[in-house]
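Dear colleague,

I am handing over the structure below, and I would be glad if you could look through it with the aromatic side chains in mind. My notes on what was found follow directly after it.

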Amino acid sequence: MGVTLGLSVKLGASSEPSFLRCHSPNNRISNNKAKVSNATLSCSRVQKFKGVGRGKVCDPSYTAKTDRYHESHEAQELVDLLRDSAAKGSIREGKSVHGLLLKSSFGDEESIRLFNHVAYMYAECSCFVEAWRVFDGMPHRNAFSWTVMIVGSKKNGLFLDGFRFFYDMLVDGILPDEFVYSAVIQSCIGLGCIELGEAVHGQIVKRGFWDDVIVGTSLLSMYAKLHNSEASVRVFNAIAEHNQVSWGAVISGLSSNGLYLEAFHQFLAMITQGFTPNMYTFSSVLKAVGKMRDATKGREVHHCVMEYGMESNVVVGTSLIDMYSKCGHLSDARSVFDRNFYKSKVNNPWNAMISSYTQCGYWQEALDLFIEMSLNDVKPDLYTYGGVFSAIAALKWLYFGRQVHGMVVKSGNGSRVLSLNNAIVDAYFKCQSLEDARKVFDRMQERDMVSWTTLVSAYVQCYQPREALSIFSQMREQGFMPNQFTFSSVLVACASLSLLEYGRQVHGLICKAGLDDDHCIESSLTNMYAKSVISLMQWKSLRKLFVQMLFHGVLSFMGMPNMAF
């Protein structure tokens, strides 16, 4: 008997979903042009596949020998191979097993099982068009068949198709199980559509899965990720029997939505009820404590970490370092680092400690630790370099900055990363080396608002206002809309050059962008107009701006000429 969602959801512009009108995978996934040829399995390849078939494809007596093996045993060998291919992402081996399967003969039950795993293998290897083709060619399907396609859609970023598979499954009269519901909820998360999630939730309640721990955990995660913490907690409370995963999910959801104290209380409840937190749960609650800046609660969690022997775990230890630094206890953070990670080759704890020093203004200590990290042959990454360049900019260590920049170029991994290039440009200009900053900027393959604003500010602060205005013009020509920081720097340049008319044009752009009430811009406007040669009429019109700023309490007379109203 067919099952309907009970909630009409418009999935596309047409009254009929495009998924229901398509008949072939190539039509359904227009952006996937993959063509996979029919694969055959050579004798040598069979022998490499853990002995499956044991040379039977090449042995003339293969047919006779198959009678000695139970069908399910043979099917399991192929399933194991397909799972292995999926885990390794080896599409070549998976296609070979698929070819062997096409030459074999199994009963209906085992065929469904095997082709489910073939589709799963293709989906895991990012060859979803082939997974879809296998699925369409299956004469019989079960709930797992649909689960494979829903999960595969999500893995390949086709969230709407995942929901359409769920819809089609219901139309075909196949009742979803807890795994199907869990999978389709992930599609709702990917779509960012809480309405679809609520529709699925309604059917879950109707089918009696509302207290199932697997379905409930997926539901509460969905509500948390779509920023409905109240619904997330309600679902959690409705679960009949909690497990480690459901507790971790609710704590993570509360922490990620800014309900830090509630996350901490749920953590205490979890411990009280005898559940053991995993590393991700510890990470979530430590993040919450760090956001609260509550070292006392942090030590309480740290005590639990020690009891479970997880301080040396990279995820937990890194979270402890971050928590203590946010609470202003750098000595505790360093103690955790020294006890567990000083000789570690994993860079996450090193990054956390370097970041802790930079966030608290201990620039020298950050660079010293980076040097120790290099001496210990720990490989830096983008996060390491980001913290190091922040420290270099603060200390204005140009020579050291050039050395680290050389390391970045030599590594070949970070020189094309936008955020890192922005940090390098910022460090160079704060070290008063505009030439180096401009070279990095000119070589950047990609730029964003931060890139342009950094360079405009660099020229202004290095007393080259004309060059700053030139960069500003190039920025606008390339379609970037300036923000309040860009405008503020440009107004400073106009004031330096006494360019009243140009400044008024910039003022017009500011008003058009709706940034004229920004306090930073108002101060820059005051400075620009006050330093420009203005007529009495212009001054009278400007008084309104001064009065407005006085009303907001943001006017500063420190740098203004002595003018009377």
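In this predicted model, the count of aromatic pairs comes to 22, with two rings taken as a pair if their centres lie within 6.5 Å. One of these is formed by Trp247 and Phe275, a tilted pair with 6.0 Å from centre to centre and 45° between the planes. The two residues are 28 apart and the pair links distant parts of the chain, since Trp247 belongs to helix α15 (residues 244-256), whereas Phe275 lies in the loop between α16 (260-272) and α17 (279-292). Trp247 has a relative accessible area of 2% and is therefore buried.

Another pair, Trp397 with Phe400, is edge-to-face, with the centres 6.3 Å apart and the planes at 85° to each other. What is the accessibility of Trp397, and what is that of Phe400? Trp397 is partly exposed, because its relative accessible area is 33%, while Phe400, at 14% relative accessibility, falls under the 20% cut-off and so counts as buried.

There is also an aromatic cluster to look at, made up of Phe128, Trp132, Phe135, Trp146 and Phe165. Phe135, one of the members of that cluster, has the charged end of Arg141 over its ring, at 4.0 Å from the ring centre. A further arginine, Arg447, lies over the face of Phe441, and here the distance to the ring centre is 4.2 Å.

With best regards

Notes:
Residues numbered from 1 in each chain as written. Predicted model: local features only at pLDDT ≥ 70, side-chain atom pairs only at ≥ 80, totals over all residues. Heavy atoms only, no water. Phe/Tyr/Trp six-rings, centres within 6.5 Å; stacked < 30°, edge-to-face > 60°. Helix = DSSP H or I, 4+ residues; strand = E, 2+ residues; numbered from the N terminus. Buried < 20%, exposed > 50% of the residue type's maximum accessible area, 1.4 Å probe, protein only. Lys NZ or Arg CZ within 6 Å of the ring centre and 35° of its normal.
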